[in-house]
Amino acid sequence: MTTQNPIEVARETLKQLSLRKLLPTPENFERVYHELTQTPIERDNKLGTQLLRALETIPAESPQTKTLLLRIKQATDESRWELLPQLAIDFLKLALSQTNLSQPWGSLIQNLIRSWDLRLPDLPQHHKQAALERVLINFGNQPEELNLKLSALVRNWSAPASQRDPIEVLDAGDALTDSPAQSTSQPASNSNSWPLWQRTLAFALKHGLEPRLISMPEMCESLEALIRELDQVSDDASLNIYMPKLRSFMLKLELQTQQEGRLVSGLTNLLRLLLDNVAEINRSDDYLVGQVHSLQEVLSHQPLSMQQVYQLETSLKEVIRKQGMLKSTLDEATSSLRTLLDHFISRLAQMTDSTDDFHSKISKHSEKLKNTSNVEELGSVVAALMEDTSLMQLDLTRSRDELLSAREQVEAAEQRITELESALEAASAKVKEDQLTGAYNRRGLAEHFQREISRAERTNSDLSVALIDVDNFKQLNDRYGHLTGDDALKYLVDVMKHNMRPADIVARFGGEEFVLLMPDTPVDEAIDTVQRLQRELTRTFFMANNDRLVITFSAGIAKWHLGEQDIEVIERADQAMYQAKISGKNRVISAEPDRMI
């Protein structure tokens, strides 16, 4: 608009409001008026500006709080004041929750994963798992307290063994062993919390213990009585009476649990003795001995896990099925061979009888020839002799053909039996293989390790062992799923088999850990071999859901020394592998003091 006459501008503003079908509100009039005059709207909301300055004084360390503060600034710049109240409330809630945390959630989870992945000889993984589960169960619904407990747990795991607290978390179960005075100190401070504590303890007893006592009716009755009596606990005096009863019940339960543990241990020992006896009696049956060794290997792992039992059960079912099919065919082939041999022997007997009969006839003809002087009688004797000789020749020819055919059938049956025995041995050997990767399992590793140790002792040769662990395997499983993780392990084993010597042994030691046995290999050569495997892995990509990934591993190398057992060498390699992990991963560390990397 060319004119700057306020009256003309106001008239044109009203026309524009009508044309645009806008309500004639002061805000719309002001906006269109300044649009026509091409002048900026100067609107200052002092309350919004002061609110923004006040919020900026609050520390915003997390990405969520920074994002909210940025949205508040944007709403202020755009004069969208209607959005400010809710944004300010959300910002304050988040900032307040962050100020009560011992450390931000992102950093805490990262530190927790790093501490979980660290392998500490004096802190087994199942201890970490038990401590983490107690924290999550007891404080899962309390974010601030959960943050505090997880931070303490991470600090405890990272501390030296001498400074580590053996009890990471004090949960409700631990409180039951405290004195009555300690147990009643918290409820006494607030009488209104008694019903809450009653319901919590009753819920824990009902749903935490009762399902485990189905096989113990007497203990179930005692537990029900304790739960009913809990309703009467409403002050310190009644609690002091109730706590000894609860403690007595817990002691009985502990004794019962120990009794069941001894029962399981006794049955396990009986089963182990039975398996030893079966293996001793059937030492010549390689198929049965292989299955017995698999059961013995599972029983040797303490504590026994159901996953190991289920895995062995699946493997044995498949092997037994294949062995059954092969043995049935082998029995048929053996029966056929036996029939052929019986026929062969019967035919030999018939040939012997025919030969005896022929000799008898020849003797008679010979006597007639000696005693005859008539030419006509002599001709008849000769004709009879020729006829008997022809019959004998035909019989011998037929017998020869039958024997040759029988020999061919016997050779074919023997070849078939040899093939079936080889297939049966191959099926039994599957017990020594890891079903997922095709590498040897613990049993196969133990057999090959003992064989190589014996050979190294006999020939005074080198034997090097490498323990490798896939880097960041848990993150791979969590992001892409366990099927992708399984494919990654198969990919790793395939690369190792194609880049190692035929004499080298690849075995899955557990999870994402593998053991490499390298006979006639000094430590330096073993290190070069493992580093070559690492370089080979970096040359190719592993595809995971259309993502290109580079699989890396950390490795520890150990040399077998005279007198060492296989597990001792593996433990030294494991310690070296742990050093490789904490040194930055994708590294190779030697356990030998004269060859450290």
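**Entry 1. A starting pair.** I began with a single residue pair and noted that Ser464 stands opposite Met518 in β3. I record here that the model is a predicted one. Looking along the two strands, I found that β1 and β3 (residues 513-519) run antiparallel and are joined by 7 bridges.

**Entry 2. The other neighbour of β1.** I next looked up strand β6 (residues 553-559), which pairs with β1 in the antiparallel sense, over 7 bridges. As one pair on that side, I wrote down Asp469 with its bridge partner in β6, Ser554.

**Entry 3. Cover over β1.** Are the residues of β1 buried or exposed? I found 8 of the 8 residues in this strand (463-470) to be buried. In a regular strand, side chains alternate between the two faces of the sheet. I therefore sorted the residues by side, with under 20% relative accessible area as the mark of burial. On one side I listed Leu463, Val465, Leu467 and Asp469, and on the other Ser464, Ala466, Ile468 and Val470; both sets are buried.

**Entry 4. Helix α21.** I turned to helix α21, which covers residues 566-582 and has 17 residues. From first C-alpha to last I noted a reach of 25 Å, close to the 24 Å expected at 1.5 Å a residue. The buried residues in α21 include Val569, Ile570, Ala573, Met577, Tyr578 and Lys581. Charged residues also appear among the buried ones, including Asp566, Arg572 and Asp574. What do the buried residues of α21 pack against? I listed helix α17 (442-459) and the strands β1, β2 (505-510), β3, β6 and β7 (588-590). Just after the helix, I saw that Gly584 takes a positive phi of about 130°.

**Entry 5. A salt bridge from α21.** I then followed Lys581 and found a salt bridge with Asp471, the closest N and O atoms being 2.8 Å apart. Asp471 sits in the loop between β1 and α18 (473-480), while Lys581 belongs to helix α21, so this pair ties together parts that are 110 residues apart in sequence. I checked the cover on each partner: Asp471 is buried at 7% relative accessibility, and Lys581 is buried as well, at 16%.

**Entry 6. A salt bridge to α17.** For the whole structure I noted 17 salt bridges. One that I looked up joins the side chains of Asp520 and Arg455, at 3.3 Å from N to O. Here Asp520 lies in the loop between β3 and α20 (523-539), and Arg455 in helix α17, so the pair links parts 65 residues apart in sequence. Both partners are partly exposed: Asp520 has a relative accessible area of 41%, and Arg455 has one of 25%.

**Entry 7. A salt bridge within one helix.** I compared this with Lys474 and Asp478, whose side chains meet in a salt bridge at 3.0 Å, N to O. Both residues lie in helix α18, 4 residues apart, about one turn of the helix. Residues three or four places apart in an α-helix point the same way, because the helix has 3.6 residues a turn. I noted Lys474 as partly exposed, with a relative accessible area of 36%, and Asp478 as exposed, at 55%. Returning to Arg455 and Asp520, I found that salt bridges with shared partners join them with Arg451 and Glu452 into one network.

**Entry 8. A nonpolar patch.** Which residues make the nonpolar surface patch of about 430 Å²? I wrote down Leu263, Leu267, Leu270 and Leu273. I placed Leu263 in helix α13 (residues 236-281). Leu263 counts as exposed because its relative accessible area, 53%, is over the 50% cut-off.

**Entry 9. A buried serine.** I also looked up Ser115, which belongs to helix α6 (residues 105-117). Ser115 is buried, at 6% relative accessibility. Leaving aside residues up to four places away in sequence, I found that Ser115 touches Lys128, Val154, Trp157 and Ser158.

**Entry 10. The chain as a whole.** Last, I recorded the overall figures. The chain has 21 helices and 7 strands. Of its 597 residues, 34% count as buried. The accessible surface comes to about 36,900 Å², with 55% of it belonging to carbon and sulfur atoms. For contacts between residues at least 6 apart in sequence, I noted that 63% join residues at least 24 apart.

Notes:
Residues are numbered from 1 along each chain as its sequence is written. This is a predicted model: local features need pLDDT of at least 70, side-chain atom pairs count only at pLDDT 80 or more; totals for chains, interfaces and linings use all residues. Side-chain values use heavy atoms; hydrogens and water are left out. Buried means under 20% relative accessible area, exposed over 50%, partly exposed in between (1.4 Å probe, protein chains only). Two strands pair if DSSP finds at least two bridges between them. Patches are made of residues with over 30% relative accessible area and no salt bridge: like charges are joined within 9 Å, nonpolar side chains (Val, Leu, Ile, Met, Phe, Trp, Tyr) within 5 Å. Accessible areas come from the Shrake-Rupley method with a 1.4 Å probe; for residues, only the protein chains shown count as cover. A salt bridge is a side-chain nitrogen of Lys or Arg within 4 Å of a carboxyl oxygen of Asp or Glu. The expected span of a helix is 1.5 Å times one less than its number of residues. Contact means heavy atoms within 4.5 Å.
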